[in-house]
Amino acid sequence: MRRVKKRLNTIYGRLFPVFLFSLLGLLLIVSLVYYQRATDQVREQVGTLAEKNMSQTVSLFEQLLDGYDSVTKTLNSNGELMRLLRQSYPSAGSSKQIQAERRITDILGAIFYSRSDIVGIHMLADSGKVYSFVRSTGASIRTYPDKPWFAELKRSRGDIRWLGVYPESLMSSWTDGPVFAFGRQVFELEGLQSVGYVLIEVEADAITSAVSNASLGQNTQVAIRDEAGSDIIRTSAEEEAWSSVPEGWPGRLESGRIRSYEGGDWLLTAAQVEKTGWTILRASPQSDLKLELRETQQFLLSVIIALIVAATFLSTIVSRSFSLPFKRLAQQMKQVETGNFKGQVHIQSYQEINVLVGSFNRMVREMDGLIEGIKQASISEKNAQLQALQSQINPHFLFNTLDMIYWMLDEREDDRLEGVILALSKMFRYSSDWEEGAKVRLRLELEQLKSYLTIIETRLGRRVLTEIDVEERWLDAPVPKMILQPIVENAVKYGLEPLREGGTLHIYSEADEEYLHIVVEDNGAGIDAVTLRRLEILLDYPPAADRHVEGGRIGIGLLNVQRRIRLMYGDAYGLTIHSIPGTGTKVTVTFPLPDEEGLV
């Protein structure tokens, strides 16, 4: 008992039932909601599908009737046929009469072969003769008795009469199969005088095929009823489906309206055919329509069983592993306390724990990076100072000596040599003065550059023209010291010195929303593709201060400039080089954009 009680007081003992019953309760709610929603959607989809299907069936049936109507109109609009039917002959059996009757049957034959579903065309002339063209016997001429269907045709005044489906042909014994018959009274177009009646019989299968499109499943039954409620045609002789139809349903239907009714095990749908006034009825078993719902039930049951197993397993895993992240985090914290900043905690757990572990790892990396950055910055700054002081035995002695030479030259009025000596003195003084630290204002860096350019212009003469075009608003921006001269030295030495004349060096500023760019651009010899690619790789991954690269130590060259900028501002800043051999080179130095007070 005590053992069980102790187990219940553990993290696992308390979290396991909470997780398990929470998941199972949520699973039950979601399953019920999903099942109800799926049921509603299936019913809605079935109803929509039934209405669309019935609407398409009515439209298809009416198109079929329009085609039959066009056949009768084709006969009525045939002027030659109307003339031959109206023509009288002085003697029966004359050659003219025979020729005319043959021509009439030829015209009927042409119409007969225009559609494959026509099985008989009969022209009942007012003279009492019948001209027929049927599938079995071809053309024939005979008299006809007075039948009920003919009485219906007589009531026609040019409008088509849909006589319905009959078990056999009305005018001949060509077949025992059912036919769909229709006809109209025909008039001579010029005098609008009646010349007789046309009766056309088509295969009843054409009607059955048209309405069978309304089927929603294998057991669907379709029927067509006339205005009196009598069946014209059915796709099945079974009465079970129609026994569920309530008396008087569907009643009078408006054109284009579809009415549905769920009667027991059947879904009933009705629509009216506007041309005939008939009603198309469809009865679909509910079992066929709910097949998708049964599949959904089976799928949902399988998912629920699988989720119950998964919920039990997940609750066990979560409960047992909940304390592990905290244990690992505590162990790594002890390592940090001893000064080990290289370790990382690797845990994939709950979101809150992941955030905590991620923050701890970032803090450790940043601390390690800051320590390493301070080391690198210190080494880089010392190296820059040492390199700037190289070949200077006594800087103050050189300053004084250069000043003395300058004043002696001033007495002799040698302006060019005076400018060179004064520029050289300024360069030595600037490069050896590190009391203000590693940062200076951009205007001081440009003044130092002007001194260097004075010497270059004096040495190269007209071979090189230089221009500095930096906006006034950026002159107080803080930049690393001795950052531009190495770039200009490379441009002059490797780009402009090889030129005999026409060399230009343009130094200007550009800025966008985040960055300040100082651009050093020349029209010199450029850099070949192999050298440029090697230089880009070195700039992307600058070596440490105590390592060597091809060509000697980095010193205060381009790689030293790149490393110093990135140590001071980050990897988003530094040098980018664009060069075309024979055209020139463009080096862009990117700094953070200073604020209104000149601070970065």
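Biologist: Which residues does Phe 61 touch, leaving aside those up to four places away in sequence?

Modeller: In this predicted model, Phe 61 touches Ile 207, Ala 210, Val 211, Ile 224, Val 273, Trp 278 and Ile 280. A contact here requires heavy atoms within 4.5 Å.

Biologist: What makes Phe 61 and Tyr 68 stand out in the largest nonpolar core?

Modeller: That core has 46 residues, and of these Phe 61 and Tyr 68 touch the most other members. Helix 2, residues 11-76, gives the most to this core, with 8 residues. A second, separate core has 45 residues, among them Leu 446, Tyr 452, Leu 453 and Leu 484. Membership in either core requires burial, with side-chain atoms within 4.5 Å as the link. As a general matter, nonpolar side chains in soluble globular proteins tend to be buried together.

Biologist: Why is Asp 540 called partly exposed?

Modeller: The relative accessibility of Asp 540 is 43%. Buried means under 20% and exposed means over 50%, so a value in between is called partly exposed. Asp 540 therefore counts as partly exposed. Asp 540 belongs to helix 16, residues 529-540. Between the C-alpha atoms of Asp 540 and Asp 571 the distance is 8.9 Å, and the two residues are 31 residues apart in sequence.

Biologist: How do you know that helix 3 and helix 4 meet, and which residues are involved?

Modeller: Glu 80, Leu 81, Leu 84 and Leu 85 in helix 3 meet Ala 100, Arg 103, Ile 104 and Ile 107 in helix 4. By class, this contact has 6 nonpolar, no polar and 2 charged residues. The axes of helix 3 (residues 79-86) and helix 4 (residues 95-112) come within 10 Å and cross at roughly 145 degrees. The crossing is left-handed.

Biologist: What makes strand 15 and strand 16 a pair, and in which sense do they run?

Modeller: Pairing requires at least two bridges. Strand 15 and strand 16 (residues 515-522) have 7 bridges and run in the antiparallel sense; they therefore meet the criterion for a pair. One of the bridges links Ser 509 with its partner Ile 518 in strand 16. A hairpin through 3 residues joins strand 15 to strand 16.

Biologist: How many bridges join strand 13 to strand 15, and how many join strand 17 to strand 18?

Modeller: Strand 13 (residues 464-469) and strand 15 (residues 503-511) run parallel and are joined by 6 bridges, with Thr 466 opposite Leu 505. Strand 17 and strand 18 (residues 584-592) run antiparallel and are joined by 7 bridges, with Ser 579 opposite Thr 585.

Biologist: Why does one side of strand 13 and of strand 17 lack a neighbour in the sheet?

Modeller: The open sheet has 5 strands in the order 13-15-16-18-17, with mixed pairing. Strand 13 and strand 17 (574-580) stand at its edges, and each has a single partner strand, so one side of each is left without a neighbour. Neighbouring strands of this sheet are turned by 15 degrees against each other on average, direction ignored.

Biologist: Which helix lies across these strands?

Modeller: Helix 15, residues 485-496, lies across strand 13, strand 15, strand 16, strand 17 and strand 18, and runs at about 145 degrees to strand 15.

Biologist: What share of the protein is buried?

Modeller: Buried residues make up 42% of its 600 residues. The protein has 17 helices and 18 strands.

Conventions:
Residues numbered from 1 in each chain as written. Predicted model: local features only at pLDDT ≥ 70, side-chain atom pairs only at ≥ 80, totals over all residues. Heavy atoms only, no water. Helix = DSSP H or I, 4+ residues; strand = E, 2+ residues; numbered from the N terminus. Buried < 20%, exposed > 50% of the residue type's maximum accessible area, 1.4 Å probe, protein only. Axes fitted to C-alpha atoms, helices over the stretch in contact; angles between N-to-C directions. Left-handed = near helix turned anticlockwise from the far one by under 90°. Nonpolar A, V, L, I, M, F, W, Y, C, P; charged D, E, K, R; others polar.
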